[in-house]
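I opened this notebook to keep a record of what I looked up, beginning with charged side chains and moving on to how helices pack. The entries are in the order in which I made them.

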Amino acid sequence: MLGIGPPEPGTAGPPERADAARNRQLLLDAAQQLVREQGVDSLTMDALAKRAGVGKGTVFRRFGNRSGLLMALLDHSERKTQEAFMFGPPPLGPGAAPVERLVAFGRARLLDIDVEGELYRAAEVGNAADRYSGAPYMLLKAHVSMLLRQASMPGDIPLVADSLLGALSAALVMHQMRALGYSRDQIGDNWEAVVRRVVSA
């Protein structure tokens, strides 16, 4: 499975000990809960240490600083998403029709953006060449492209996949929700309508 950016602190080099990997997972789960409950601004090293019931030094040793923590959390979230659409139950995972999986993929992505949008938007900032040729985006594009092929969609599939993923940009979705007042369900329904039109064309 592909992650985001450089290896997380403590994961480069020799394989992590089982207890260290388990502790990192617990810290990241606690960090994800904090963000979902209180927003990304609430995620500080102190707050995470308190939520996880560990010393602040443990958090600093694991992630280095808040920036390292945010990148590790985004990687953690992306890996869960990847696992769900690659190995999870249908309709998001294998076993459903390609169009139904595409619809489920978009709705799952919208849920992630709704609860962790600032993390996703932060990941989209920067050099476009890095973002669109990086492993996380390329994996999403490969997945959408595969489903479009399975649905026998005519046309330039990689270009269509880019267009569909553009509709799931965190910055755009957050603007639609916060500035334009659309609900996640409305945006999800629009995603479904677009997917069905594109595939049937």
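What follows are my entries on salt bridges, on two helix contacts and on one short helix.

**Entry 1: salt bridges in general.** I note at the outset that this is a predicted model. I asked how many salt bridges the structure holds, and the count came to 11 salt bridges. I then went through some of them by residue.

**Entry 2: the network around Arg196.** I looked up which residues are linked with Arg196 in a network of salt bridges, and found that the network comprises Glu100, Arg107, Asp189, Glu192 and Arg196. Within it, the side chains of Glu100 and Arg196 form a salt bridge with an N to O distance of 3.1 Å. This pair links distant parts of the chain, since Glu100 belongs to helix α5 (residues 98-124) and Arg196 to helix α10 (residues 184-200), 96 residues apart. For Glu100 I recorded a relative accessibility of 34%, so Glu100 counts as partly exposed; Arg196, at 33%, is also partly exposed.

I next turned to Glu192, which forms a salt bridge with Arg196 in which the closest N and O atoms are 3.0 Å apart. Here both partners sit in helix α10, and because they are four residues apart, about one helical turn separates them. Glu192 has a relative accessible area of 22% and is partly exposed.

**Entry 3: Lys141 and Asp162.** I checked a further salt bridge, that of Lys141 with Asp162, whose closest N and O atoms are 3.0 Å apart. Lys141 lies in helix α7 (residues 135-150) and Asp162 in helix α8 (residues 157-166), so the salt bridge ties together parts 21 residues apart in sequence. Is Lys141 buried or exposed? I found that Lys141 is buried, at 17% relative accessible area, which falls under the 20% limit for that class. Asp162 is partly exposed, at 28%.

**Entry 4: α1 against α4.** For packed helices I look up the angle and the distance between the axes. The axes of helix α1 (residues 18-38) and helix α4 (residues 66-87) come within 10 Å and cross at roughly 90 degrees, so α1 is roughly perpendicular to α4. On the α1 side I listed Gln25, Leu28, Asp29, Ala31, Gln32 and Val35, which meet Leu69, Ala72, Leu73, His76, Ser77 and Lys80 of α4. By residue class, this contact divides into six nonpolar, four polar and two charged residues.

**Entry 5: α1 against α3.** I repeated the look-up for α1 and α3, whose axes come within 11 Å and cross at roughly 105 degrees, so that α1 is roughly perpendicular to α3. Ala20, Arg24, Leu27 and Leu28 of α1 meet Val59, Arg62 and Phe63 of α3, and I sorted the residues of this contact into five nonpolar, no polar and two charged.

**Entry 6: helix α2.** Finally I asked which residues are buried in helix α2 (residues 45-52), and noted Met45, Leu48 and Ala49. They lie on the same side of α2, because the arc they cover around the axis is only 100 degrees. Among the elements that cover these buried residues I found α1, α3 (56-63) and α4. Just after α2 comes Gly53, for which I recorded a positive phi, near 70 degrees.

Technical notes:
Residues numbered from 1 in each chain as written. Predicted model: local features only at pLDDT ≥ 70, side-chain atom pairs only at ≥ 80, totals over all residues. Heavy atoms only, no water. Salt bridge = Lys/Arg side-chain N within 4 Å of Asp/Glu carboxyl O. Helix = DSSP H or I, 4+ residues; strand = E, 2+ residues; numbered from the N terminus. Buried < 20%, exposed > 50% of the residue type's maximum accessible area, 1.4 Å probe, protein only. Axes fitted to C-alpha atoms, helices over the stretch in contact; angles between N-to-C directions. Parallel < 35°, antiparallel > 145°, perpendicular 65-115°, else oblique. Contact = heavy atoms within 4.5 Å. Nonpolar A, V, L, I, M, F, W, Y, C, P; charged D, E, K, R; others polar. Arc of directions from axis to C-beta.
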